[in-house]
Amino acid sequence: MQNPVLEAIKTRRSVRKFKAQAVPQELIDQVIEAGTYAASGKSKQPWLVVEVTDPAIMERMRSVNAQFQAHPQADPFYGAPVYLVVLSLKENPNHVYDGTLMLGNMMLAAHSLGLGSCWINRCRETFELSEWQDWLRQLGVEGEYEGIGNLALGFPEGEPAPAKPRKPCVVKVCGE
């Protein structure tokens, strides 16, 4: 019998083409909840997730993200119908690590639910901009948060690529 957690870890892939099909809120909620079970330093849980499905906000996010990567016509979110923005409180010394673990949990949860996901970079740069800080305040977010990563989420279009061969891992055991 194969371990389902290990199987999910080995078969999860980043998805770069999504169906336009809406994702049921119940599945989005399960993905976010799984993120909240990530390990965090001293269980501070310094993260915040903003679910984005509003087409106008999504367009603004695509535009600013594409500008950071010098491809203004690109869709850096690959047509995903949902963006999950993970932010973490800057005052927490482990905020980047904690937010990263949250994203990892959410990607595995998405895969286990038949959804595709892809970590989209440039969240930090986006949320350093005053217009995005203002947007967070309009949402009622208080405190200083750093953008850790955007998660493109949706139903994958097509089959995922097979895993690339794993690089060898050097393990040195110290002790008796």
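Two rings from Phe, Tyr or Trp (for Trp, the six-membered ring) make a pair when their centres lie within 6.5 Å. Keep that in mind for the first two views, and remember that this is a predicted model.

**View 1. Ring pairs link Phe127, Trp132 and Trp135 into a cluster.**
Going by that 6.5 Å rule, the count comes to 4 aromatic pairs. One of them is phenylalanine 77 with tyrosine 83: the ring centres are 3.9 Å apart and the planes sit at 20°, so this pair is stacked. Tryptophan 132 and tryptophan 135 pair up edge-to-face instead, with 5.4 Å from centre to centre and 75° between the planes. These two tryptophans both belong to helix α6, 3 residues apart, which is about one turn of the helix. Both of them are buried, too.

**View 2. A look at how covered the stacked pair is.**
Are phenylalanine 77 and tyrosine 83 buried or exposed? A residue counts as buried when its relative accessible area is under 20%. Phenylalanine 77 comes in at 0%, so it is buried. Tyrosine 83 also has 0%, so the label "buried" fits it as well.

**View 3. Four strands line up in an open sheet.**
Read across the sheet and you get the order β1-β2-β4-β3, with antiparallel pairing. Why do β1 and β3 each have one side without a neighbour in the sheet? β1 (47–52) and β3 (116–120) stand at the edges and have a single partner strand each, so one side of each stays free of sheet neighbours. On average, neighbouring strands here are turned by 25° against each other, ignoring direction. Strands of a sheet pair through backbone hydrogen bonds, and they can do it parallel or antiparallel.

**View 4. Zooming in on the bridges between strands.**
β1 and β2 run antiparallel and are joined by 6 bridges; in this pairing, valine 52 stands opposite tyrosine 83 of β2. Next, 8 bridges join β2 to β4, again antiparallel. Here serine 88 has glutamate 146 in β4 as its bridge partner. β3 and β4 (residues 145–154) are antiparallel as well, held by 5 bridges, and isoleucine 120 finds its bridge partner in asparagine 150 of β4.

**View 5. Strand β2 is covered on both faces.**
How many of the 8 residues of β2 are buried? The count is 8 of 8, so to speak a full house. In a regular strand, side chains alternate between the two faces of the sheet. One side of β2 carries Val82, Leu84, Val86 and Ser88, and the other carries Tyr83, Val85, Leu87 and Leu89.

**View 6. Helices pack on the sheet.**
Helix α3 (residues 55–68) lies across β1, β2 (82–89), β3 and β4, and runs at about 65° to β2. Helix α4 (residues 95–112) packs on the sheet as well, touching β1, β2, β3 and β4, and its direction makes about 10° with that of β4.

**View 7. A closer look at helix α4.**
Let's check the length of α4: at 1.5 Å a residue, its 18 residues should span 26 Å, and its end C-alpha atoms are 26 Å apart, which agrees. Its buried residues include His95, Asp98, Met102 and Met106. What covers the buried residues of α4? The cover includes α2 (25–36) along with β1, β2, β3 and β4. After α4 comes glycine 114, which has a positive phi near 85°.

**View 8. Nonpolar cores in the model.**
The largest nonpolar core holds 24 residues, and Val52, Met61, Val85, Phe127 and Trp135 have the most contacts inside it. β1, α3, β2, β3, α5 (123–128), α6 (130–138) and β4 each bring at least two residues to this core. Valine 85 touches Leu48, Val52, Met61 and Phe127, among others, leaving aside residues up to four places away in sequence. There is also a second, separate core of 21 residues, and Val49, Ala110, Leu151 and Phe155 are among them.

**View 9. Cysteine 118 sits in strand β3.**
With 2% relative accessibility, cysteine 118 counts as buried. Not counting residues up to four places away in sequence, cysteine 118 touches Ser14, Val15, Arg16, Phe18, Tyr78, Asn150, Leu151 and Ala152. Now compare sequence and space: cysteine 118 and glycine 154 are 36 residues apart in sequence and 9.5 Å apart in space, C-alpha to C-alpha.

Conventions: Residues numbered from 1 in each chain as written. Predicted model: local features only at pLDDT ≥ 70, side-chain atom pairs only at ≥ 80, totals over all residues. Heavy atoms only, no water. Pairing = 2+ DSSP bridges. Axes fitted to C-alpha atoms, helices over the stretch in contact; angles between N-to-C directions. Contact = heavy atoms within 4.5 Å. Core = buried A, V, L, I, M, F, W, Y, C linked by side-chain atoms within 4.5 Å. Buried < 20%, exposed > 50% of the residue type's maximum accessible area, 1.4 Å probe, protein only. Expected span 1.5 Å × (residues − 1). Phe/Tyr/Trp six-rings, centres within 6.5 Å; stacked < 30°, edge-to-face > 60°.
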